[in-house]
Amino acid sequence: MSIFFKNPLALSGLIIILTILIAALVAPIIAPYDPNFININSILLPPSTNHLMGTDGLGRDVFSRMLYGAQISLLVGFVAVGIATLIGVILGSLAGFYRGWVDSLIMRFVDIMLSIPTFFLILAVIAFLTPSIWNIMIVIGLTSWMGVTRLVRAEFFSLRQREYVLAAETMGSNHFSIIIKHLLPNSLTPIIVSSVLGIASAVLVESGLSFLGLGVQAPTASWGNILTDGKEYIQFAWWLSLFPGLAILITVLGYNLLGEGLRDILDPKNKI
Amino acid sequence: MISYLIKRILWMIPMLIGISLVSFFIMHLAPGDVTSSEASFNPKASEESRQKLRELYNLDKPVIIQYGLWVKRIAQLDFGNSFASHQKPVLWERTDKSGNVTKGLIQESLPITLMINLLGICIIFSISIFLGTLSAVRQNTWVDRSITLFVFIGFAIPGFWLALLLMYWTGVSNQWLPISGLHSLGYQNLSNFDQFTDLLKHLILPVSISSLSGLAGISLYVRNGMLDILHQDFITTARSKGLKESKIVFIHALKNAILPLITIVGLSIPGLIGGSVIAESIFAIPGMGKLFYDSVLMRDFPVIMGILTIGSFLTLIGNLLADIGYAWADPRVRKGLVK
């Protein structure tokens, strides 16, 4: 933990992410209003002490919606990246451990997935399913595992010939336990760094999809779909556009800072 | 060089087959078949058009035959007709018996998207090579730090949000720039020069939005590449023989730092094409991104499948051009010294 304090990048990223995490967790307690409560007497009110971030076109309190939106953005980030990392680790381990035709097959699949424009791929899947928060998370996860696969494979390639791995193999350990006990723990750094950076891009993709109306569906609040309202009322209500955009910017910045900082902290070259 | 080219082109065939398999798999994700409940979202998906969909994709035949027939059709570049836009052909124009030409949807929208992205790539490269070099040469000064800050914010800022703010600032409150479409009203009556400036004015906002994240990424890439090169032996040699610093940076170092960018252009194409969905739908630009977005909303399956395939094909072509460009630009590769 103390190592965080020596790295201002990682520390500021960590503080940002923890603040948002806490805000999301205590949202039901500190939110001043029900995020979906429609009040036709308080439509499009500017920020005031009653409504810290103003109200939207249906008179809902934007601050409360922002707090609940934080839950969505965290959930989508973690679940989507969890799926992507799981697929990436499994495929990357197989390719890096067995090499040969297994490796060629998996890497060609990676090449194919990388040559389909990602945002088109995500939108196409959503067109054939229905947009919902669960589908969004799964789709983002299923379309973003290629980087992790390449990373894990490259790590395994360099670890595979080390003495301790060869020793374990000679002593008759089975392949599964060599991968789990020896290879994966030593490849953890790049996996963690790329997962943290992956959360940042998952948050951006989710907000983009929700903004386009193809992500989290109303009335559930997400930062992206508050911005959709912001676009509609851009001439009258700047607060509807300003706050959710800032929240996305700060969150993504937080994950990026944390990821880059972790890369420095976990790099053994920097320990000396 | 020639054998490399042939190998590289043949390599695209298995890739195309793979892409067609993935696209075909996506089409079959829909619960039931593509004509069932989900398609009924689209009010225009009448029983008649569902029947057409069934015929188009041969949904009454076994899956493997469906795939074969579909690949056969797209190999002949036949993507069928749109459901939503009055049966317009998806890809290319069609002439009916009485000689009327109906333009294809992708035929009309692709040039616009290509124009925006090519302009974007030019802007990204000219600015980010400058910023990256400046940042590397002034490493750890306030110049470097502010460029790095710009890079981090460029990575984190949601493009559609920046688009909204710019729309508000330049379009609504100041009315400096047009905020939607490609042409003003009465465009036809303008002189050629005025038509050109009118188009440019409409392009400023969308092009800036779609190049922002690329700008950040490539600036960082150039900076790190330059830092790497500036610490290499041949630069020290150049310094010790008394070359001017500007000559060292701009001639010796920059040449080596820019070379890998050719590959980066190739790799950034899927991101740029995909990213055009958001920029084009916000600014109401009739390009392929907006066409795709509209088709997703309308569940216009032939158009979705057509754009998915054409978009991937463009990516492959882009990668091919980038690899050829790299092989041509790097004397080590050109002379066959390294693979």
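This briefing walks through how chain A and chain B meet, and then turns to a patch on the surface of chain B. Please keep in mind that the model is predicted. In short, 41 residues of chain A are in contact with 46 residues of chain B, and the area buried between the two chains is about 4,000 Å².

**The interface as a whole**

- Carbon and sulfur atoms give 84% of the area buried between chain A and chain B.
- Polar contacts between chain A and chain B come to three residue pairs, with both residues at pLDDT 80 or more.
- As for salt bridges, the rule finds zero across the interface of chain A and chain B.

**The side of chain A that touches chain B**

- Helices that each supply at least two residues to this side of chain A are α5 (100–114), α6 (118–128), α11 (188–211), α12 (223–232) and α13 (238–266).
- With eleven residues, α13(A) provides the largest share of the side of chain A that touches chain B.
- Sorted by character, the residues on this side of chain A are 29 nonpolar, eight polar and four charged.

**A nonpolar patch on chain B**

- If you look at the surface of chain B, you will find a nonpolar patch of about 580 Å², made by B:I2, B:I6, B:L10, B:I13, B:I17 and B:L21.
- Two helices of chain B, α1 (2–10) and α2 (12–27), each supply at least two residues of this nonpolar patch.
- One of the patch residues, B:L21, is found in helix α2 of chain B.

Notes
Residues are numbered from 1 along each chain as its sequence is written. Chains are lettered from A and ligands numbered from 1 in the order in which they are written. This is a predicted model: local features need pLDDT of at least 70, side-chain atom pairs count only at pLDDT 80 or more; totals for chains, interfaces and linings use all residues. Side-chain values use heavy atoms; hydrogens and water are left out. Contact means heavy atoms within 4.5 Å. Buried area is the accessible area (1.4 Å probe) that two parts lose on being put together, summed over both. A salt bridge is a side-chain nitrogen of Lys or Arg within 4 Å of a carboxyl oxygen of Asp or Glu. A polar contact is a pair of N or O atoms within 3.5 Å; within protein, one must be able to donate a hydrogen and the other to accept it, and residues adjacent in sequence count only if both atoms are side-chain atoms. Helices (H or I, at least four residues) and strands (E, at least two) are DSSP runs, numbered from the N terminus. Ala, Val, Leu, Ile, Met, Phe, Trp, Tyr, Cys and Pro count as nonpolar, Asp, Glu, Lys and Arg as charged, and the others, Gly among them, as polar. Patches are made of residues with over 30% relative accessible area and no salt bridge: like charges are joined within 9 Å, nonpolar side chains (Val, Leu, Ile, Met, Phe, Trp, Tyr) within 5 Å. Accessible areas come from the Shrake-Rupley method with a 1.4 Å probe; for residues, only the protein chains shown count as cover.
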